[in-house]
Amino acid sequence: GGDGSVGDQLNYTITGIDAGAGIMAATEEAIEAYGLEDYTLQTSSSAAMTAALAAAYENEEPIVVTGWTPHWKFAKYDLKYLEDPQGIFGESEVIHTIARLGLDEDHPSAFEVLDNFYWEQADMGEIMIAVNEGADPEDAASEWVANNQEKVSEWTNGVAPVDGDKLTLALVAWDSEIASTHMIGKVLEDIGYDVELLSLEAAGMWTAVATGSADAIVAAWLPGTHAAYYEDYKEDFIDLGVNLEGAGIGLVVPTYMDIDSIEDLNN
Ligand code: PBE
C-alpha cells in the first residue's frame with residue numbers, strides 16, 4: 001500500500017554500491033542536503049546494484065541507483081542522471097593514475113607507461129561492454145589492446161622491456177576499474193612485467209598504493225569522488241595525472257520515471 005509518493009514507490013531506498021566508494025559518501029551528503037532522511041542508502045556492490053537495476057528495468061519498476069560515467073549501463077538501458085541543483089555530486093570528474101613512492105626508480109619502464117597512459121571514454125566502454133556481455137575481463141582487455149596497437153604504442157614507444165619483474169596493480173571491482181586495470185595490466189605484461197591485480201575495498205586500494213604494497217592504481221576519481229582519500233595520503237604517492245576525462249557520478253533513474261531532479265525524490 002502507501003500513498004503513491006515518489007518515496008513510497010521507491011520504498012524510500014536508494015540502491016548503492018560498496019561502502020567505501022566515493023559516490024556513497026556523496027550520496028549520504030545529498031540525503032542531508034536535500035532532506036531525504038526518510039531514505040535508506042543500501043550498501044551492496046557494483047554487481048548487486050546493476051542486478052537490481054536490470055530487474056527493475058525489465059518490469060518498468062521505479063528505482064534510483066548510485067550511478068557513474070563511464071559505465072555500460074547507459075548503453076544498455078535508457079537512463080538519466082537526476083539534476084543536482086546543489087552540486088553535491090560535483091562537476092565533471094577525471095580519473096588519475098597514482099604510483100607508489102619510488103616506483104620511478106624501482107620500475108622506470110612501468111612508471112613511464114603509467115605516466116603516458118591516457119584514453120577516451122569510448123575505449124573504456126568497449127571493454128566494459130564486452131565484459132558485461134560475458135567476456136572474461138582479461139580476454140576483453142587483451143582484445144582491446146590487440147585492436148588498439150597504435151594508441152598503446154604511444155604509451156610504450158621507446159620504453160625498455162623488462163624480464164618478468166613483478167608489479168602489483170590495486171583496484172576496486174567497479175566495472176570501470178575492472179576494464180582499465182586489466183587493460184593497463186595487459187600492456188605492462190606485453191613489455192615483460194609479471195602483473196598481479198589486487199582487488200580491494202576503496203580505502204584498502206588507497207592504503208595499498210600509499211604504503212607501497214601496490215605499485216600503482218589507475219582508479220583515482222578526482223577532484224571530488226576520492227577527495228578524502230587523496231587528502232589523507234597526498235604526501236605518500238606520486239600523482240601521474242589524468243588518464244581519462246569526462247567522468248561523473250550522480251543519482252541515476254530509468255527515463256520511464258517521471259522525475260528529473262534529486263529534489264523530486266521528496267515528492
Ligand atoms: N565509482 C567508480 C567509484 C569510483 C569509480 C564512481 C563507483 C567511487 O564512487 O568511488
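In which loop is the place of P70? P70 sits in the loop between β3 (65–69) and α4 (73–76), where helices (H or I, at least four residues) and strands (E, at least two) are DSSP runs, numbered from the N terminus.

This is a predicted model, in which local features need pLDDT of at least 70, side-chain atom pairs count only at pLDDT 80 or more, and totals for chains, interfaces and linings use all residues. Residues are numbered from 1 along each chain as its sequence is written, and side-chain values use heavy atoms, with hydrogens and water left out.

**Cis peptide bonds**

The bond that leads from T69 into P70 is cis, with omega near 5 degrees. A cis peptide bond also joins L222 and P223, with omega about 5 degrees, and P223 is found in the loop between β8 (216–222) and α12 (227–233).

**Positive phi values**

Two residues other than glycine with a positive phi are set out here.

| Residue | Phi | Loop |
|---|---|---|
| Y12 | near 50 degrees | between α1 (6–9) and β1 (13–15) |
| E60 | near 50 degrees | between α3 (46–58) and β3 |

For accessibility, buried means under 20% relative accessible area, exposed over 50%, and partly exposed in between (1.4 Å probe, protein chains only). Y12, in the loop that precedes β1 (13–15), is partly exposed because its relative accessible area is 27%. E60, which lies in the loop between α3 (46–58) and β3, has a relative accessibility of 58% and therefore counts as exposed.
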